[in-house]
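Please examine the model shown below. The paragraphs after it consider the contacts with DNA, then one helix, and then several individual residues.

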Number of protein chains: 2
Amino acid sequence: MSAKRTSLKDIAQEAGVSTALVSYVLNGKEKESRVGPEIAAKIRAIAIALNYQPNHVAKSLRSGKTQTIGLIIADISNPFFANIARIVEDEAKRNGYTVIIGSSDENADKSRDLLNVLINRQVDGFIIVSAEDSAEQVQLLKEKNIPFVLLDRYFPDMQTDFVSTDHYRAAYDGASHLITNGYRRIGMIAYKSAMFHMQERIRGYQDALKDGGLPFQKGYLKKIRFTHIEQEAKVAIDELTKTDKPVDALIFATYGLAINGLIYLNEQKLNVPDDVAIVSFGQAEAFDLYYCPITYLKQPIDLLGQTSVSLLVKKLKESPKEPAQILMNAELVARNSSKPKLIRQI
Amino acid sequence: MSAKRTSLKDIAQEAGVSTALVSYVLNGKEKESRVGPEIAAKIRAIAIALNYQPNHVAKSLRSGKTQTIGLIIADISNPFFANIARIVEDEAKRNGYTVIIGSSDENADKSRDLLNVLINRQVDGFIIVSAEDSAEQVQLLKEKNIPFVLLDRYFPDMQTDFVSTDHYRAAYDGASHLITNGYRRIGMIAYKSAMFHMQERIRGYQDALKDGGLPFQKGYLKKIRFTHIEQEAKVAIDELTKTDKPVDALIFATYGLAINGLIYLNEQKLNVPDDVAIVSFGQAEAFDLYYCPITYLKQPIDLLGQTSVSLLVKKLKESPKEPAQILMNAELVARNSSKPKLIRQI
DNA sequence: ATAGTCAGCTTAATCGTTTAAGCAAATAGG
DNA sequence: CCTATTTGCTTAAACGATTAAGCTGACTAT
């Protein structure tokens, strides 16, 4: 049977003092609280001898702070989010916080559930990668004055703190890169979503085409449903490639779309980049393994994660004034999948 | 400013009763505690009206249970663990538990830190994918009577609950598969590790060779250090392929080894499976993306995760008797990377 | 009439901490 | 020597819930 954990009371008893003194000493408040140096030393010694470990739950109840951060992401098994989670975990730990991760599956209901569970668990604040239709939840957090930072996705018409990639610019850069390298019929596969980040990626793609002197063709932009990604990705690719004017390059708006798309391109024996060049969002080992390494827009994951944590921690400590809104640039990592187009020799 | 959360006391006040009654009613103990039906209804109505949400922290302090599970894994950004984490998260939620995930980086010190942090946070129990040299930590948990279940890795000479893949058999199956398909010079790249699961994978490989009539050749088994995976994987592959008796097939003992190895094979223009066939542990989208889909040993991740949670939950509820020790089989998913060897035509 | 039972509530302790307030003794200031 | 101040400690409330124990009044049984 495990011996009971030692509490402040145990130490107090052993030292023959009140628990108050023990608390003061172990929290380093001996000066302010005028604790005698000998007794302080004694208390510390006993604490070590009894291997005292403070009870976090009691602390939390008393202080109203749990030193816990809720991280809401779409799905921890998606590498982008897993990497984010890892960074957030590490950074939070450095700041004395523990992270509870919840996967929303891009689903507003699950997201709401998660928020409620974590609010009941008294997390001090949230880092949220918002799901579709979750604006109202975010609004609620604001009203309830629960600290949070939005990560990578934000609502342009809501005043909130956020740390995000500049999705517009990333997409613009990706498309421009393809144009520069000689591609002229550039398609995009995106999600059918009202989320701002997705709109921005699409807008960036469109603007780049326009600025590159290529008229935007409606048929080259395919929007598919997250919930039916596998089937619809195939259909989209068929429609883009099996026509008399097939695309010569393709931008995948997310990692998930890329995975599905690339597998299907393989099945269809479409060669990258000769049949179709690729630029993708997201980043993962998978892109290195493809026979033709995939050009991708590298989001500053480390910085995103770290900044969101430090922003939140700052909010928790100092309480807010102005919301901080931070945009970061994705870096285009050019690989063979988008190499300069060879002039076709007949 | 957010209104204060409503507590039992608020409801009690509003209803003009004591907090005890409120507690009884809201916990469905009105029968045993002989609460009058009208007042019970009133209390319930007020609770709803005030949107009462129980304070989990207070509950935990009182009960000594936090309804929280600590999940210790090597690295959440590794897809195998990310998938495990996802399953565990979902299954735990179904059982009313919240999961706190910590990444140990296969490092005993970090693992110990994590355990301590989570013990102080009063998690009710642990699910642990043990890191190297962490046997003593596990032993400590046992002695402290802290409930835990080992996941996918266990210590054969320690009596603990565990849920694990049968690593020996998986490796045996993988190697046998290669033999069946005509490969004769089968190498393996594994980690240099005393961990039992790694030893088992190696043993399975060796026994399969033996049983297949192939003498085990020491030079075909390469053990590299986890901490130097990138360099040493390259060296190992060079040594296995750039000799007068190069391997014709290769087993990667983990997902991480596979990723590094496959990328290097690509760089070296070694063709899979013509130059070298591949069987790998782990599973990931990456294997589907490779130009030649990779044969892998599919660990029963869902079942592993679910079983470990339900085992732990059972331990938490009913308290233990005999430890449960569960081995599960990995499924060999045969793909092109290990297709029957073509007889070389000269 | 009188004790016993029971329904329906309240009281108060408890979990482990923190911390404002208070008290007694020692010291300082004049 | 007498009053302030300081020093070093204790007391007790509080955080929000749970729950054993007790209290009161009504009803039952004899």
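**Protein surface around the DNA**

Among the 26 residues that surround DNA strand D, those that come nearest are Arg34(A), Gly36(A), Leu8(B), Tyr52(B) and Arg62(B). Of the atoms of DNA strand D within 4 Å of the protein, 51% belong to sugar and phosphate. The complex discussed here is a predicted model, and every distance given is computed from its coordinates.

Individual atom pairs show how DNA strand D is approached. At its phosphates, a backbone N or O atom of Gly36(A) lies 2.6 Å from a phosphate oxygen, and a polar side-chain atom of Ser23(B) lies 2.7 Å from a phosphate oxygen. At the bases, a backbone N or O atom of Ala58(B) is placed 3.3 Å from a base nitrogen of DNA strand D. The elements that give two or more residues to this surface are H2 and helix H4 (56–63) of chain A, together with helix H1 (8–15), helix H2 (19–26) and helix H4 (56–63) of chain B. Classified by residue type, the surface near DNA strand D has 12 nonpolar, seven polar and seven charged residues.

DNA strand C has 27 residues around it, of which Leu8(A), Ser23(A), Tyr52(A), Arg62(A) and Gly36(B) come nearest. Sugar or phosphate supplies 51% of the atoms of DNA strand C within 4 Å of the protein, and bases supply the rest. A phosphate oxygen of DNA strand C lies 2.8 Å from a polar side-chain atom of Lys29(A). Chain B reaches the bases: an N or O atom in the side chain of Arg34(B) is 3.0 Å from a base oxygen of DNA strand C, and a polar side-chain atom of Arg62(B) lies 3.3 Å from a base oxygen of that strand. At least two residues of the surface near DNA strand C come from each of H1, H2 and H4 of chain A and H2 and H4 of chain B. This surface divides into 12 nonpolar, eight polar and seven charged residues.

**Helix H3 of chain A**

Helix H3 of chain A covers residues 37–49. Its 13 residues reach 18 Å from the first C-alpha to the last, close to the 18 Å expected at 1.5 Å a residue. Which residues of H3(A) are buried? They are Ala40(A), Ile43(A), Ile46(A) and Ala47(A). Viewed down the axis of H3(A), the buried residues fall within an arc of 130 degrees, so they line one face of the helix. The general geometry of an α-helix is relevant here: with 3.6 residues a turn, residues three or four places apart point the same way. The buried residues of H3(A) pack against helix H1 (8–15) and helix H2 (19–26) of chain A. On the other side of H3(A), Pro37(A), Glu38(A), Ile48(A) and Ala49(A) are exposed. Just after H3(A), Asn51(A) takes a positive phi of about 55 degrees.

**A loop residue in chain A**

Asn95(A) is located in the loop between helix H5 (79–94) and strand E2 (98–103) of chain A. Is Asn95(A) buried or partly exposed? Its relative accessibility is 27%, so Asn95(A) counts as partly exposed. The side chain of Asn95(A) reaches the backbone oxygen of Glu91(A) at 2.8 Å. Leaving aside neighbours within four places in sequence, Asn95(A) contacts Gln67(A), Val309(A) and Val313(A).

**Cis peptides and a buried serine**

In chain A, a cis peptide bond with omega of about 0 degrees joins Val272(A) and Pro273(A). Pro273(A) lies in the loop between helix H11 (255–267) and strand E9 (277–281) of chain A. In chain B, the peptide bond from Val272(B) to Pro273(B) is cis, with omega near 5 degrees.

Pro273(B) is also one of the residues that Ser338(B) touches, among them His177(B), Tyr183(B) and Ile278(B). Ser338(B) belongs to the segment after strand E12 (331–333) of chain B. With 0% relative accessibility, Ser338(B) counts as buried. Its side chain makes a polar contact of 2.6 Å with the side chain of Thr295(B).

**Positive phi values in chain B**

Two loop residues of chain B complete the account. Asp105(B), although not a glycine, has a positive phi near 55 degrees; Asp105(B) sits between strand E2 (98–103) and helix H6 (108–120). Asn145(B), likewise not a glycine, has a positive phi of about 65 degrees, and its loop lies between helix H7 (135–144) and strand E4 (148–151). Asn145(B) is partly exposed, with a relative accessible area of 40%.

Definitions and conventions. Residues numbered from 1 in each chain as written. Chains lettered and ligands numbered in written order. Predicted model: local features only at pLDDT ≥ 70, side-chain atom pairs only at ≥ 80, totals over all residues. Heavy atoms only, no water. Helix = DSSP H or I, 4+ residues; strand = E, 2+ residues; numbered from the N terminus. Buried < 20%, exposed > 50% of the residue type's maximum accessible area, 1.4 Å probe, protein only. Polar contact = N/O pair within 3.5 Å; in protein donor to acceptor, adjacent residues only side chain to side chain. Contact = heavy atoms within 4.5 Å. Expected span 1.5 Å × (residues − 1). Arc of directions from axis to C-beta. Near = heavy atom within 4 Å. Nonpolar A, V, L, I, M, F, W, Y, C, P; charged D, E, K, R; others polar.
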